[in-house]
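This briefing is meant to be read alongside the sequence and the coordinates. It begins with the overall fold and then moves to the core, the charged pairs and the surroundings of individual residues.

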Amino acid sequence: SEVIALQEKSSLDRYRALVGREFPVLIEGPARRGVEMLAGKTPHYKTAIFPAREGLTAGNTVTVRVTSATGHTLSCTLA
């Protein structure tokens with residue numbers, strides 16, 4: 001459990017360091033969290049969630065700006 005806790009803290013620190021940056025994201029589909037949200041992956045395979053917009057579907061690429069982070073997910077807005 002100590003190793004897992006250390007990994008969680010390390011991941012959170014790395015993800016929070018990305019707040020304010022922009023990344024291209026390949027849309028995978030609807031996010032599991034929240035209605036009207038999409039999920040995708042950055043070029044570094046980090047999961048990003050962001051508001052859906054008409055016309056955006058799986059397979060599209062969009063640019064997002066990271067607004068907050070957990071140890072597993074980047075919360076973003078469309079840039």
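In what order do the five strands close into a barrel? In this predicted model, the order is E1-E2-E3-E5-E4, and the pairing is mixed. Averaged over the sheet and with direction ignored, neighbouring strands are turned by 55 degrees against each other.

**Strand pairing**

- Strands of a sheet pair through backbone hydrogen bonds, and they may do so in a parallel or an antiparallel sense.
- E1 and E4 are an antiparallel pair, and five bridges join them.
- Within this part of the barrel, Val 25 has Val 62 of E4 as its bridge partner.

**The nonpolar core**

- In soluble globular proteins, nonpolar side chains tend to be buried together.
- The largest nonpolar core has 15 residues, of which Val 25, Phe 50, Val 62, Val 64, Leu 74 and Cys 76 touch the most other members.
- At least two residues of this core come from each of strand E1 (22-30), strand E3 (47-51), E4 and E5, and E4 gives the most, with four residues.
- Val 25 and Val 62 thus appear in two settings, as bridge partners and among the core residues that touch the most other members.
- Leu 74, another of those core residues, has contacts beyond its neighbours within four places in sequence, and these include Tyr 15, Leu 18, Ile 49 and Val 66 as well as Lys 46, Thr 47 and Ser 68.

**Salt bridges**

- Side chains of opposite charge can pair when their charged atoms come close, and the structure holds two salt bridges.
- One of them joins the side chains of Lys 9 and Asp 13, with an N to O distance of 2.8 Å.
- Both Lys 9 and Asp 13 belong to helix H1 (residues 2-16), where they are four residues apart, or about one turn of the helix.
- Asp 13 counts as partly exposed because its relative accessibility is 41%.
- A salt bridge also forms between Glu 22 and Arg 65, whose closest N and O atoms are 2.1 Å apart.
- This pair links distant parts of the chain, since Glu 22 is in strand E1 and Arg 65 is in strand E4, 43 residues apart.
- Glu 22 is partly exposed at 40% relative accessibility, and Arg 65 is likewise partly exposed, with a relative accessible area of 35%.

**His 72 and its surroundings**

- Where is the place of His 72? His 72 is found in the loop between strand E4 (61-69) and strand E5 (73-78).
- Because its relative accessible area is 49%, and exposed would require a value over 50%, His 72 is classed as partly exposed.
- With its neighbours within four places in sequence left aside, His 72 is in contact with Glu 8, Tyr 15 and Thr 47.
- The contact with Glu 8 includes a polar contact between the two side chains, at 3.1 Å.
- Ser 11 and His 72 are 61 residues apart in sequence, yet their C-alpha atoms are 7.2 Å apart in space.
- Tyr 15 and Thr 47 are contacts of His 72, and both are also among the contacts of Leu 74.

**Gln 7 in the helix**

- Gln 7 lies in helix H1 and counts as partly exposed because its relative accessibility is 43%.
- Gln 7 and Gly 71 are 64 residues apart along the chain, and 9.0 Å separates their C-alpha atoms.

How values were computed
Residues numbered from 1 in each chain as written. Predicted model: local features only at pLDDT ≥ 70, side-chain atom pairs only at ≥ 80, totals over all residues. Heavy atoms only, no water. Buried < 20%, exposed > 50% of the residue type's maximum accessible area, 1.4 Å probe, protein only. Contact = heavy atoms within 4.5 Å. Polar contact = N/O pair within 3.5 Å; in protein donor to acceptor, adjacent residues only side chain to side chain. Core = buried A, V, L, I, M, F, W, Y, C linked by side-chain atoms within 4.5 Å. Pairing = 2+ DSSP bridges. Axes fitted to C-alpha atoms, helices over the stretch in contact; angles between N-to-C directions. Salt bridge = Lys/Arg side-chain N within 4 Å of Asp/Glu carboxyl O.
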